[in-house]
Each structure stands twice: as structure tokens, then as C-alpha cells.
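Student: Could you walk me through how to read a structure like this one? I'd like to begin with one residue and work outwards.

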Amino acid sequence: MKKKLIIVGTGLFPEVARCYFDELSEYDTIGYACHQKYKQSDNLYGLPLYAIEDLKDIYSPEQVTIFVGIGYRQMNKVRQHVYEELKALGYSFATFIHPNIKIWRSTSIGENVFIFEDNTIQPYTKIGNNTTLWSGNHIGHHSHVGDHSFISSHVVISGSCKVGNNVFIGVNATLYDGLIISDETLVGAGAIISKNTKRKEVFVPTVTKALLKNSEEIGF
């Protein structure tokens, strides 16, 4: 029998996460949850929607497992606060690792982690608690990704990097090997990082500009 799962959040990520958990894991999603002030209905995506404030009266920590499916708002701090609130109530957390991913014995992965398909995770790596790796990333050998972080798609984290807590790295970004990415660093899509970062630094590459000619005029 599958374990009962409550997914916390009301955005698109919870709906996506449910597909992965239900079809590819030992968990079966039985409902969603959010704080009372955000609860606009008793149902979400065809399942019951519970208020976090009432959850312990409905399902004890022994009855269900939690996954906090909240995105990267406020440098992942919204997800962090909800995760810590539910952890203080005694709940345990589900981690999802797509079955097509090789996890080495030397790799350590925390709780409330979600790792989508096609991630390459090399030996001697570590993924902290409450961190999301969207699809298609490369986590190089001996690299560590901290807690409450969000790695988008097709990010390259080279070997021996230390990515801190509450970090966001956008799609197609590249980190040179041996870097320290400090807490709350924001790396924008397509950025190339070659030096250690300072706390709360933001890196946004120049956006590609449109040509003055239109597509009919360039003789393609």
C-alpha cells in the first residue's frame, strides 16, 4: 500500500508534483494544504484542500507525509517558513527523485527535495533539505547545494562547488569549478559565474537585442 501524501501549495508546482509522486513513487496524494488566509475553496485539482492551521486535527504526523510544493518566491523563504512550520508540528517530509537518475552511495540528499528527470548528479555530492532541482541539470562531483535552494533547468554546476542556502540559479546558467556561491545569491538565466559570490549578490546577463531588420529583410 502506498503512503499517504499531502502536498502544500496552491500554484502549478503542486499539480505537477502530484503527477510525479502518484505515478513514479511510493506515495499517493490525498489532498493539498495552504494557510487559511489563502484558502479560497475546499478543493484543489480535484482533491480536498485543507488549512494548515487545521491539518493536525485532521491528519496526525503518523498518518500522512508532507511535501511543501512552493516555488522560489522571496529567495525560497516562503517555502522555507512553511517547511519549518510543519516540521515544528512533527510532520515528516517526502523527497522525490526521478527513477531515471543514478544516485551514488557517496551522495547525500535531504528531505523535502524534488529532483526532476534528466539530472546528472555525480559522486560525492550533497543536496540539502527543501531544495528543488528542475529538469536537466549537471551537479558536478564533490559539489554541495545547500538548503532551501532552487536550481532551474539545464544549469551546470561544475565540480567542487559550494552552493549556499536560499540560492536561486536560473536556466542555462554555468558555474566554474571550485566556486563558493554564498547564501541568497540570485543567478539569472544564462549567466556565467567564474568567481565566488557575496551574500545576496545578483547576476543578470545582458538580454539579447533584436536586430533593426525584420525576418524578411535578412535573406534567411
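Student: Is Thr-185 buried or exposed?

Tutor: This is a predicted model, so everything we say is about computed coordinates. The general idea is to look at relative accessible area, where under 20% counts as buried. Thr-185 has 0%, so it is buried.

Student: Where does Thr-185 lie?

Tutor: Look for the flanking secondary structure elements. Thr-185 is in the loop that links strand S19 (180-181) to strand S20 (186-187).

Student: Which residues is Thr-185 in contact with, leaving aside its neighbours within four places in sequence?

Tutor: Here we ask for heavy atoms within 4.5 Å. The list for Thr-185 runs through Met-75, Asn-166, Val-167, Phe-168, Thr-197, Lys-198, Lys-200, Glu-201 and Phe-203. Take Met-75: in sequence Thr-185 and Met-75 are 110 residues apart, yet their C-alpha atoms are 8.5 Å apart in space.

Student: What lies 2.7 Å from a polar atom of the Thr-185 side chain?

Tutor: Check backbone atoms as well as side chains. In this case the backbone oxygen of Ser-182 sits at that 2.7 Å distance from the Thr-185 side chain.

Student: Let's try His-148. Is His-148 buried or exposed, and where is its place?

Tutor: Apply the same accessibility reading. His-148 has 7% relative accessibility, so it counts as buried. Its place is the loop between strand S13 (144-145) and S14.

Student: Which residues does His-148 touch, not counting those up to four places away in sequence?

Tutor: Try sorting the list by stretches of sequence. Among the residues His-148 touches are Met-75, Asn-76, Arg-79 and Gln-80, and also Asn-129, Asn-130 and Thr-131. Asn-166 and Val-167 are on the list for His-148 too, and both are in contact with Thr-185. Met-75 likewise turns up for His-148 and for Thr-185.

Student: On to sheets. What is the order of the strands in the open sheet of 7?

Tutor: Read a sheet from one edge to the other, then check the sense of pairing. The order is S6-S8-S11-S14-S17-S20-S22, and the pairing is parallel. At the edges are strand S6 (96-97) and strand S22 (202-203), each of which pairs on one side only. Inside that order, strand S11 (residues 132-133) and strand S14 (residues 150-151) pair in the parallel sense over 2 bridges. Thr-132 has Phe-150 in S14 as its bridge partner.

Student: And how does the open sheet of 5 strands pair?

Tutor: Same approach. The order is S3-S4-S2-S1-S5, and this time the pairing is mixed. Its edges are strand S3 (43-44) and strand S5 (65-68), each pairing on one side only. Strand S1 (residues 3-8) pairs with S5 in the parallel sense over 4 bridges, with Ile-66 in S5 as the bridge partner of Ile-6. S1 and S2 also run parallel, joined by 6 bridges, and Lys-3 has Tyr-27 in S2 as its bridge partner.

Student: Why is strand S2 described as largely enclosed?

Tutor: Count buried residues along the strand. In strand S2 (residues 27-34), 7 of the 8 residues are buried, so the rest of the structure largely encloses it.

Student: How many helices and strands does the chain come to?

Tutor: Zoom out for this one. The chain comes to 3 helices and 22 strands. Of its 220 residues, 47% count as buried, and the C-alpha atoms fill a box of roughly 60 × 45 × 35 Å along the principal axes.

Methods
Residues are numbered from 1 along each chain as its sequence is written. This is a predicted model: local features need pLDDT of at least 70, side-chain atom pairs count only at pLDDT 80 or more; totals for chains, interfaces and linings use all residues. Side-chain values use heavy atoms; hydrogens and water are left out. Buried means under 20% relative accessible area, exposed over 50%, partly exposed in between (1.4 Å probe, protein chains only). A polar contact is a pair of N or O atoms within 3.5 Å; within protein, one must be able to donate a hydrogen and the other to accept it, and residues adjacent in sequence count only if both atoms are side-chain atoms. Two strands pair if DSSP finds at least two bridges between them.
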